[in-house]
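Hi everyone, thanks for making time for this. I'd like to walk you through one protein structure, piece by piece. Have a look at it first, and then we'll start.

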Amino acid sequence: MEHIAALLLIVGCSGDLGECQELPSPTPIYETFEECQAEMPASRRELDGQAPRVLATCVYVDPALEYEDATIEWDITKDGKLVGSIEPVTSYNVAMQQDHRTTRR
């Protein structure tokens with residue numbers, strides 16, 4: 001069985017980063033975080049032109065945890081950096097997602 005240690009998250013944004021959406025990653029999962037980081041520049045270049053700004057980051061997945069149901073949460077920081085995390089889905093998370101929708105998710 002393959003263990004997933006990292007996900008490659010790529011988003012395309014408007015020039016002012018006001019509107020962003022996830023883009024399909026050529027290779028979305030990796031067995032090591034370092035593998036993801038090494039492949040990230042080439043994967044990002046593959047998607048250049050899909051949006052005025054293309055941002056990418058590797059999201060750590062703890063292989064010791066079992067995710068029955070999880071979501072990728074992401075945001076763009078004030079300095080224009082993409083940050084993301086894997087969050088288990090709970091009834092509380094679902095309620096928060098419904099109340100906190102932005103153009104970036």
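Okay, let's begin with a single pair of residues: Trp74 has Gly84 as its bridge partner in strand E6. One thing to keep in mind throughout is that this is a predicted model.

That pair is part of a bigger arrangement. Strands E5 and E6 run antiparallel to each other and are paired over 7 bridges. Together they make a hairpin with 5 residues between the strands, and there Gly80 takes a positive phi near 85°.

Now let's zoom out. How many helices and strands does the protein have? There are 2 helices and 6 strands. If you read along the sequence, the pattern goes β-β-β-α-β-β-β-α. The protein has 105 residues, and 30% of them count as buried. Its accessible surface comes to about 7,000 Å², with 49% of that belonging to carbon and sulfur atoms.

Here's a number about how the chain comes back to itself. Take the contacts between residues at least 6 apart in sequence: 59% of them join residues at least 24 apart.

Next, another pair of strands. E1 and E4 are antiparallel too, and 8 bridges join them. Among the partners, Gly12 is matched with Val54 in E4. Is E4 mostly covered or mostly uncovered? It's mostly covered, with 6 of its 8 residues buried.

That brings us to the inside. The largest nonpolar core has 13 residues, and the ones with the most contacts inside it are Leu9, Val11, Cys13, Leu55, Trp74, Ile76 and Leu82. You've met Trp74 already, as the bridge partner of Gly84. Which strands each supply at least two residues of this core? They are E1 (6-13), E4 (53-60), E5 (70-76) and E6 (82-88). Of these, E1 gives the most, with 4 residues.

Pick Val11 and look around. Leaving out residues up to four places away in sequence, Val11 touches Gln21, Glu22, Leu23, Arg53, Val54, Leu55, Trp74, Ile76 and Leu82. Apart from the largest core there's another one, made of 10 residues, among them Leu8, Leu23, Val54 and Cys58.

Since cysteines keep turning up, let's go to the disulfides. Searching the whole structure gives 2 of them. If you number the bonded cysteines in sequence order, the pairing is 1-2, 3-4.

The pair of Cys13 and Cys20 has its sulfur atoms 2.1 Å apart. The angle about the S-S bond is 115°, and this link is right-handed. Both Cys13 and Cys20 are buried.

Then there's Cys36 with Cys58, where the sulfur atoms are 2.2 Å apart. What is the handedness here, left or right? The torsion about the S-S bond is about -100°, so this disulfide is left-handed. Cys36 sits in helix H1 (residues 33-47) while Cys58 sits in strand E4, so the bond ties together parts that are 22 residues apart in sequence. Cys36 and Cys58 are both buried as well.

Before I stop, two loop residues that I'd like you to find on the screen. Leu17 is in the loop between E1 and E2. Leu17 isn't a glycine, and yet its phi is positive, about 65°. Why does Leu17 count as buried? Because its relative accessible area is 7%, and buried means under 20%.

The other is Ser25, in the loop between strand E2 (20-23) and strand E3 (29-30). Ser25 counts as buried too, because its relative accessibility is 16%. What does the side chain of Ser25 reach? It reaches the backbone oxygen of Thr27, at 3.1 Å. Setting aside residues up to four places away in sequence, Ser25 also touches Leu8 and Ile10. And Leu8, remember, is one of the residues in that core of 10.

So, to recap the route: we started at Trp74 and Gly84, went through the core of 13 residues, passed the 2 disulfides, and ended in the loop with Ser25. Thanks for listening!

Technical notes. Residues numbered from 1 in each chain as written. Predicted model: local features only at pLDDT ≥ 70, side-chain atom pairs only at ≥ 80, totals over all residues. Heavy atoms only, no water. Core = buried A, V, L, I, M, F, W, Y, C linked by side-chain atoms within 4.5 Å. Buried < 20%, exposed > 50% of the residue type's maximum accessible area, 1.4 Å probe, protein only. Contact = heavy atoms within 4.5 Å. Polar contact = N/O pair within 3.5 Å; in protein donor to acceptor, adjacent residues only side chain to side chain. Disulfide = S-S within 2.5 Å. Pairing = 2+ DSSP bridges. Areas by Shrake-Rupley, 256 points an atom, 1.4 Å probe, with all protein chains shown as cover.
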